[in-house]
Amino acid sequence: MCRKYHKFTAMKIFKSCAVALMSILLLVLLNGGILNASTPWSDCHGIDPFEEEAEIVEDYTGAYYNAFYLYNWSENNIIQASLPVADIWYFSGHGGQTWYGKNYLVAGDGGHIMPEDIPDLHNQHEFAQMRFAYASACQSGDPDWWQNDLPEAFLDNGARAYMGWADTVAYGIAYDFTDRFYYYAINAAQNVEQAKANALLKVPEAESEGNIQLFGENVNLIP
Amino acid sequence: MRIKRMKLGRYSLIVVALLIVAVAGSYAIADFQRDRESDEVASARHTFECLDPEIVDTEVSRPEAIKIIEKIGYKPNNPEFVLIRDYALSKTYWEIDWVEAENSLFFDIDAFTGEILGIFDSSTYESKPEEVGLENAPEIAREKIEEIGEFPAEAGEPSVERLEEEDGEVFYRIFWEQKIEEIPVVRGFMSVTIDPAGNIRYFSKFWQNITIDTKPKITEEDAIEIARQKAPLVDLPELLRERIDIAENIYANLVIKKPFHPLDENQPIYGECSLIWEVIFENVEGGLEPTVSFVALSIDAHSGELVGMDYTM
């Protein structure tokens with residue numbers, strides 16, 4: 001009697017669990033197709049007052065960015081929670097350099113992301129390594145022969161390609177260039193060199209004034 | 001038997017209920033995603049827009065655009081078309097691209113005038129004896145432009161640059177900035193990159209067709225004073241406010257441009273083209289590589305109104 005009761009209870013639990021698991025699986029399968037349409041395969045940051053540029057990038061990439069929730073990303077969040085897991089990484093914000101010419105990005109809390117802060121960008125979740133990083137900030141693409149700057153830091157730590165501005169750049173120019181660059185790289189599925197060249201045809205100031213620079217491999221943003 | 005049937009019925013009910021929950025959940029998430037995506041599309045202010053050629057009427061059709069390209073010696077093979085309305089460059093054009101022997105070719109053809117606005121040609125040309133050098137590059141570039149369209153009569157002296165690629169390939173870039181009565185037109189330009197044999201590799205001509213009163217009604221000093229008075233009234237982030245407050249140099253440039261509206265989401269990203277005093281609040285930071293940062297307030301040179309702004313990143 002007692003054994004029978006145990007058997008009965010075990011069966012009941014087993015069946016209930018099976019039904020629950022099947023339902024969860026069904027739910028995941030049904031939602032998978034929908035969620036995959038905007039898979040966060042890239043990470044995107046617009047630091048106040050540059051959210052407008054982040055919004056146009058989000059529009060192309062479906063990147064994980066929401067001005068209301070990720071407003072003012074802190075230095076630690078960017079270094080620990082964003083850079084190590086992003087496949088395509090994009091930052092729009094202020095940039096600067098120290099008196100000896102080492103460049104940095106300014107995070108939402110005012111913290112400086114220095115070249116030595118860039119973490120290991122290899123072996124991230126389902127991606128082998130970061131494919132492309134673009135820091136749309138003044139002097140983010142200015143390498144110095146006598147020291148490691150942001151371009152070298154990204155490439156040395158695993159990014160296959162990196163883009164940044166070698167000089168100070170007006171927001172109007174960066175905004176226009178960025179809009180076109182992602183259009184060509186995502187919507188027209190061009191490699192980054194082609195996308196940059198095509199965007200420069202429409203925004204030549206990006207070269208003559210901001211001095212946009214591309215480093216590393218000629219990657220495709222569309223896998 | 002009856003108990004078994006009852007149990008089966010109960011399990012079936014549970015399964016059906018869970019299925020309903022799963023389907024309802026999927027739709028709820030899909031709705032959320034759709035809402036979020038439509039919000040994003042509405043909030044992102046792009047500098048250009050892709051139009052539906054089935055809805056927008058153009059003077060130049062797709063076959064006509066192809067004929068224009070063929071006329072200058074190209075043979076588009078299975079080309080793709082995108083119709084673009086460019087807010088920054090004030091043009092509506094066909095962007096036509098195709099691949100030829102693994103090389104990408106892009107053309108921009110004005111959808112209303114048929115003018116060639118852009119060429120991107122990544123083909124590899126057979127090497128020929130060098131014909132182009134720094135000295136004759138502007139003249140050769142001009143001849144090449146005249147072969148594919150009209151050379152603007154008011155184009156002044158261009159800047160010439162010799163570009164050497166990593167693989168040793170050399171190009172010459174010749175650039176004309178548009179000016180109306182010596183006043184620069186922001187985003188008005190013509191640029192051509194030719195190889196040493198004189199082949200056009202990149203070309204863009206966004207020469208603006210503008211009729212504007214070039215006599216400002218307010219002086220540079222007035223514009224600076226207006227900018228100083230209006231700056232505190234603008235809702236600026238702290239960093240930009242600080243830049244204005246501690247500016248080392250304040251000066252104004254007279255330009256013709258579409259004012260930029262980065263911070264006001266309720267306005268289109270660009271305003272109407274007008275004569276503008278661009279009042280610059282500039283700071284210079286020292287060090288091994290001095291850095292210049294600024295906030296620019298755009299003051300309409302006729303009305304004295306603050307119509308836009310820009311700043312370094």
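How many residues of domain 1 of chain B are in contact with residues of domain 2 of chain B? In this predicted model, seven residues of domain 1 of chain B are in contact with six residues of domain 2 of chain B. Domain 1 spans 49–206 and domain 2 spans 220–311. The centres of these two domains of chain B, taken over C-alpha atoms, are separated by 32 Å. On the side of domain 1 that touches domain 2, strand β8 (residues 183–194) of chain B provides the largest share, namely four residues. As to character, the residues on this side of domain 1 of chain B comprise seven nonpolar, no polar and no charged.

Chain A offers an example of a sheet. Strands of a sheet pair through backbone hydrogen bonds, and this pairing may be parallel or antiparallel. In chain A, three strands form an open sheet in the order β3-β4-β5, and their pairing is antiparallel. Its edge strands are β3 (95–97) and β5 (112–113) of chain A, each of which pairs on one side only. Strand β4 (residues 103–106) of chain A is joined to β5(A) by two bridges. The reader may locate Val106(A), whose bridge partner in β5(A) is His112(A).

Finally, the interior may be considered. The largest nonpolar core contains 121 residues, and those with the most contacts inside it are Ala133(A), Ile109(B), Val295(B) and Ile299(B). Helix α5 (residues 171–187) of chain A contributes the largest share of this core, 11 residues. Once neighbours within four places in sequence are left aside, Ala133(A) is in contact with Trp89(A), Phe154(A), Ala159(A) and Tyr162(A).

How values were computed
Residues are numbered from 1 along each chain as its sequence is written. Chains are lettered from A and ligands numbered from 1 in the order in which they are written. This is a predicted model: local features need pLDDT of at least 70, side-chain atom pairs count only at pLDDT 80 or more; totals for chains, interfaces and linings use all residues. Domain bounds come from an automatic or database domain assignment. Two residues are in contact if their C-beta atoms, placed from the backbone, lie within 7 Å. Ala, Val, Leu, Ile, Met, Phe, Trp, Tyr, Cys and Pro count as nonpolar, Asp, Glu, Lys and Arg as charged, and the others, Gly among them, as polar. Two strands pair if DSSP finds at least two bridges between them. A nonpolar core is a set of buried Ala, Val, Leu, Ile, Met, Phe, Trp, Tyr and Cys residues joined through C-beta atoms within 7 Å. A residue is buried if 20 or more other C-beta atoms lie within 10 Å of its own, exposed if 12 or fewer, and partly exposed in between; C-beta atoms are placed from the backbone.
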